[in-house]
Amino acid sequence: MRKLLADWGTARKYRIIALKSFTAWLREEDRLKPSEDPTLSLRVPPAVAEKGSRIKGYSLAFVERIYGTVGSQCVRDVLCLRAKTGMHATEIARIAAGEGALRVVNDPCGIVGTVTFKHKNGRIHIVSLDAQSMAAAERLQARGKSPSTSSVHECLGYAAGRLSKQFPNERITPLVPGELRHSFATWASECGRVVKPTSDGVPLKMVAAVMGHLNTRTTKLFYEGVQIPPMIVLPLNLHHPKDPVLLDEPLRKSC
């Protein structure tokens, strides 16, 4: 038995499961006594989740290369928002459907606009956007819907295939959009830079003290939250030859 287990270099877990199932059937058929079954004390190796056995996230360079190879503009817009803000796919779908309110800001710090979501619990979530991500959100909203999951994966598969032909010595697998949220958190902590609106503002704790509130949660009931939250800027250059030219910030009309 030990010799057999030692020789199983691949699929060991499933081989053990099959063996234990076979000996269990033999016992039920009275063809094998429990005292003679060596698999009763044999444990099945614990399962390891696929997410826990692989490296999560991508490098900035890899995402830039994939973005520059994707042929669909709406898919590139989704990648832009996911990579630059860490948004969920459902949040991007809400933007495209008109449920996420876009607002032009044009702040000198680089925040061109914001998108506001209202969660089911009533909490307001506002995300600041730079020029490229704001333009992507506006195009998706004008389109009326975000591309389907199958369309996104199909485009990313084609992009990986084109890159594989350009770099035959590299092993290039299709990008998984869901990993961009993890990538954003990693990039932000490693090389991100925070920019804040240039307008003045008073910290929430000070507002609470002036209003006589013992807890800032009470103060929050009087307003919906920070109107222009800070934005994390990444050294991420998402470029495609067919991307629309971005308008200069002064040409945008404030809402």
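## Helix 9 and M206

In this predicted model, M206 is found in helix 9, which spans residues 204-211. With a relative accessibility of 49%, M206 counts as partly exposed, because the exposed class begins only over 50%. The C-alpha atom of M206 lies 9.2 Å from that of T216, a residue 10 positions away along the chain.

## Overall composition

The protein chain contains 10 helices and 5 strands. Of its 255 residues, 36% are buried. Among the contacts in the chain with a separation of 6 or more, 67% are between residues that stand 24 or more positions apart.

## The three-stranded sheet

Three strands form an open sheet in the order 1-2-3, and their pairing is antiparallel. Strand 1 (101-104) and strand 3 (124-129) occupy the edges, and each has a single partner strand, so one side of each is left without a neighbour in the sheet. From one strand to the next, the twist averages 20°. Strand 2, made of residues 113-118, is joined to strand 1 by 4 bridges, and to strand 3 by 6 bridges, again in an antiparallel arrangement. Individual pairs help to fix the register: V104 has G113 of strand 2 as its bridge partner, while T114 stands opposite S128 in strand 3. Although strand 3 is an edge strand, it is mostly covered, with 5 of its 6 residues buried.

Two helices pack on this sheet, and their contacts with the strands can be set out in turn. Strand 1 and strand 2, linked by 4 antiparallel bridges, are both touched by helix 6 (residues 131-143), which packs on the sheet, also touches strand 3, and has a direction that makes about 135° with that of strand 1. Helix 5 (residues 89-96) likewise packs on the sheet, where it touches strand 2 and strand 3, and its direction makes about 105° with that of strand 2.

## Packing of helix 5 against helix 6

The two helices that pack on the sheet also meet each other: the axes of helix 5 and helix 6 come within 7 Å and cross at roughly 60°. On the side of helix 5 the contact involves I92, I95 and A96, and these residues meet A137, L140 and Q141 of helix 6. By class, the residues of this contact divide into 5 nonpolar and 1 polar, with no charged residue.

## The nonpolar core

The largest nonpolar core comprises 42 residues, and those with the most contacts inside it are V70, L79, M87, L129, L175 and W187. The elements that give two or more residues to this core are helix 3 (60-67), helix 4, helix 5, helix 6, helix 7 (149-166) and helix 8 (179-191), together with strand 2 and strand 3. Helix 4 gives the most, with 7 residues.

W187 offers a view of the surroundings of one of these core residues. When residues up to four places away in sequence are not counted, W187 touches Y58, S59, L60, V63, A83, L180, G192, L234 and L236.

## K84, a buried lysine in helix 4

K84 lies in helix 4, which covers residues 73-85. Its relative accessible area is 16%, and K84 is therefore buried, given that the limit for this class is under 20%. The side chain of K84 makes two polar contacts that are listed here, one with the side chain of D130 at 2.9 Å and another with the side chain of Q132 at 2.8 Å. Leaving aside its neighbours within four places in sequence, K84 is in contact with D130, Q132, F184, I232, L236 and L238, and of these L236 is also touched by W187.

## D243 and its polar partners

D243 is placed in the segment after strand 5 (231-233). At 18% relative accessibility, D243 counts as buried, because its value falls under the 20% limit. The side chain of D243 is joined by polar contacts to the side chain of Y67 at 2.8 Å and to that of R76 at 2.9 Å.

Setting aside neighbours within four places in sequence, the contacts of D243 are with Y67, Q73, R76, Q132 and L238. Two of these residues, Q132 and L238, appear among the contacts of K84 as well, and Q132 is also the residue whose side chain makes the 2.8 Å polar contact with the side chain of K84.

Note on methods:
Residues numbered from 1 in each chain as written. Predicted model: local features only at pLDDT ≥ 70, side-chain atom pairs only at ≥ 80, totals over all residues. Heavy atoms only, no water. Buried < 20%, exposed > 50% of the residue type's maximum accessible area, 1.4 Å probe, protein only. Polar contact = N/O pair within 3.5 Å; in protein donor to acceptor, adjacent residues only side chain to side chain. Contact = heavy atoms within 4.5 Å. Pairing = 2+ DSSP bridges. Axes fitted to C-alpha atoms, helices over the stretch in contact; angles between N-to-C directions. Core = buried A, V, L, I, M, F, W, Y, C linked by side-chain atoms within 4.5 Å. Nonpolar A, V, L, I, M, F, W, Y, C, P; charged D, E, K, R; others polar.
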